[in-house]
Amino acid sequence: DKKEWTVCDLKKILDQNFEEHEALREQILSGLPKYGNDMDEIDCYFGKITEHIIAECEKYTGIHTNGFLIPSVFCWIMHERFGRKTGATPDGRLAGFPLGDGSGPCQGREMKGPTASILSSTKWDHSKLIGGVAVNMKFSKSTLGAHSLDVMKALIKVYMQRGGFEMQINVTNKELLEEARKCPENYRDLVVRIGGYSDYFVNLSNELQDNVIERAFIDA
């Protein structure tokens with residue numbers, strides 16, 4: 001809209017992984033609206049994507065059965081593997097960085113708190129995506145207080161009342177995870193949510209550990 005660059009210009013910048021264009025990348029990260037902040041004009045794109053996935057799956061049957069393909073937006077651990085093979089993207093993500101870890105906003109993109117994030121994550125229909133819909137939320141342990149449990153209960157109820165399929169919540173802190181990586185023998189019981197399942201933190205690959213540590217924590 002501002003005629004600052006063309007699509008071709010942006011493609012060249014992405015192909016170069018934002019090299020020598022860090023200021024533009026920061027502008028994109030902080031200045032452009034993102035999914036997960038309760039903005040209808042942005043959130044509607046997720047609905048269009050999921051509707052396309054559902055419609056495509058309805059066209060085909062399984063290889064060995066006559067059943068339909070079951071659609072989902074459930075990444076399990078593939079967000080890290082796919083991210084490794086994906087170049088830089090127009091939202092400011094660098095090449096090789098993990099993709100979004102679920103159906104909520106990508107790491108660090110939610111700017112208006114957990115309520116706005118939940119509203120965005122439930123503006124599209126979850127009911128036909130019965131292969132799984134994982135919306136992950138992360139809270140820093142340092143932000144929790146006496147009323148945090150009630151706040152979390154209210155968030156989960158709103159999510160379910162609005163048709164949400166599945167929510168997964170991590171409560172930890174970055175310092176603990178860093179220490180667990182340095183001294184895994186002392187933290188063999190530390191469990192974290194990934195992208196649709198739980199696992200022992202010390203058993204994860206270095207790339208997945210980085211992904212968990214680098215996730216933005218939401219103030220409760």
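These notes walk through a predicted model of one chain, from its overall build to single residues.

1. **Overall build.** The chain has eight helices and four strands. Read from the N terminus, the elements run α-α-α-α-α-β-α-β-α-β-β-α. The opening run is thus helical, with five α elements listed before β1.

2. **Size and shape.** The C-alpha trace spans about 50 × 50 × 35 Å along its principal axes. How does the radius of gyration sit with a compact globule? For 220 residues, such a globule would have a value near 17 Å. The chain has 19 Å, which agrees.

3. **Inside and outside.** Of the 220 residues, 39% count as buried. The accessible surface comes to about 12,700 Å². Carbon and sulfur atoms hold 55% of that surface.

4. **Contacts along the sequence.** Take the contacts between residues at least 6 apart in sequence. Of these, 62% join residues at least 24 apart. The salt bridges below give examples of links across the sequence.

5. **Salt bridges, the count.** The structure holds eleven salt bridges. Three of them are described here, starting with two that share Lys-123.

6. **Asp-40 with Lys-123.** The closest N and O atoms of this pair are 2.6 Å apart. The bridge links distant parts of the chain, 83 residues apart. Asp-40 belongs to helix α3, while Lys-123 lies in the loop between α5 and β1. Is Asp-40 buried or exposed? Its relative accessibility is 53%, so Asp-40 counts as exposed; the cut-off is over 50%. Lys-123 has 31% and counts as partly exposed.

7. **Asp-43 with Lys-123.** Lys-123 also meets Asp-43 in a salt bridge, at 2.9 Å from N to O. Asp-43 is in helix α3, and the two residues are 80 apart in sequence. Asp-43 counts as buried because its relative accessibility is 2%, and buried means under 20%. So helix α3 offers Lys-123 an exposed partner in Asp-40 and a buried partner in Asp-43.

8. **The network.** Which residues are linked in a network of salt bridges? They are Asp-38, Asp-40, Asp-43 and Lys-123. Asp-38 sits in the loop between α2 and α3 (40-57). Its relative accessibility of 35% makes Asp-38 partly exposed.

9. **Asp-38, backbone.** Asp-38 deserves a second look. It has a positive phi of about 55°, although it is not a glycine. So this loop residue combines a positive phi with a place in the salt-bridge network.

10. **Phe-18, backbone.** Phe-18 also has a positive phi, of about 65°, and is not a glycine. Where is Phe-18 found? It is in the loop between α1 (7-15) and α2 (22-31). Phe-18 counts as buried, at 2% relative accessibility. Asp-38, by contrast, is partly exposed at 35%.

11. **Arg-109 with Asp-91.** These side chains meet in a salt bridge at 3.1 Å, N to O. Both residues lie in the loop between α4 (78-84) and α5, so the bridge ties together parts that are 18 residues apart in sequence. Arg-109 counts as buried, at 11% relative accessibility. Asp-91 is partly exposed, at 21%. That value is just outside the buried class, which is under 20%.

12. **A nonpolar patch.** Ile-70, Ile-130 and Phe-165 make a nonpolar surface patch of about 290 Å². Ile-130 lies in the loop between α5 (113-121) and β1 (135-140). Lys-123 was placed in that loop as well. Ile-130 is exposed because its relative accessible area is 54%, and exposed means over 50%.

13. **Cysteines.** How many disulfides does a search of the whole structure find? The search finds zero. Take Cys-106: the closest cysteine sulfur is in Cys-75, 9.9 Å away. That is too far for a bond, because a disulfide needs the sulfur atoms within 2.5 Å. Cys-106 is partly exposed, with a relative accessible area of 29%. Cys-183 is also partly exposed, at 22%.

14. **Points to look at.** In the structure above, start at Lys-123 and find its partners Asp-40 and Asp-43. Then compare the two positive-phi residues, Phe-18 and Asp-38. End at the nonpolar patch with Ile-70, Ile-130 and Phe-165.

Terms used: Residues are numbered from 1 along each chain as its sequence is written. This is a predicted model: local features need pLDDT of at least 70, side-chain atom pairs count only at pLDDT 80 or more; totals for chains, interfaces and linings use all residues. Side-chain values use heavy atoms; hydrogens and water are left out. Patches are made of residues with over 30% relative accessible area and no salt bridge: like charges are joined within 9 Å, nonpolar side chains (Val, Leu, Ile, Met, Phe, Trp, Tyr) within 5 Å. Accessible areas come from the Shrake-Rupley method with a 1.4 Å probe; for residues, only the protein chains shown count as cover. A salt bridge is a side-chain nitrogen of Lys or Arg within 4 Å of a carboxyl oxygen of Asp or Glu. Buried means under 20% relative accessible area, exposed over 50%, partly exposed in between (1.4 Å probe, protein chains only). The radius of gyration is taken over C-alpha atoms; the globule rule is 2.2 Å times the number of residues to the power 0.38. Contact means heavy atoms within 4.5 Å.
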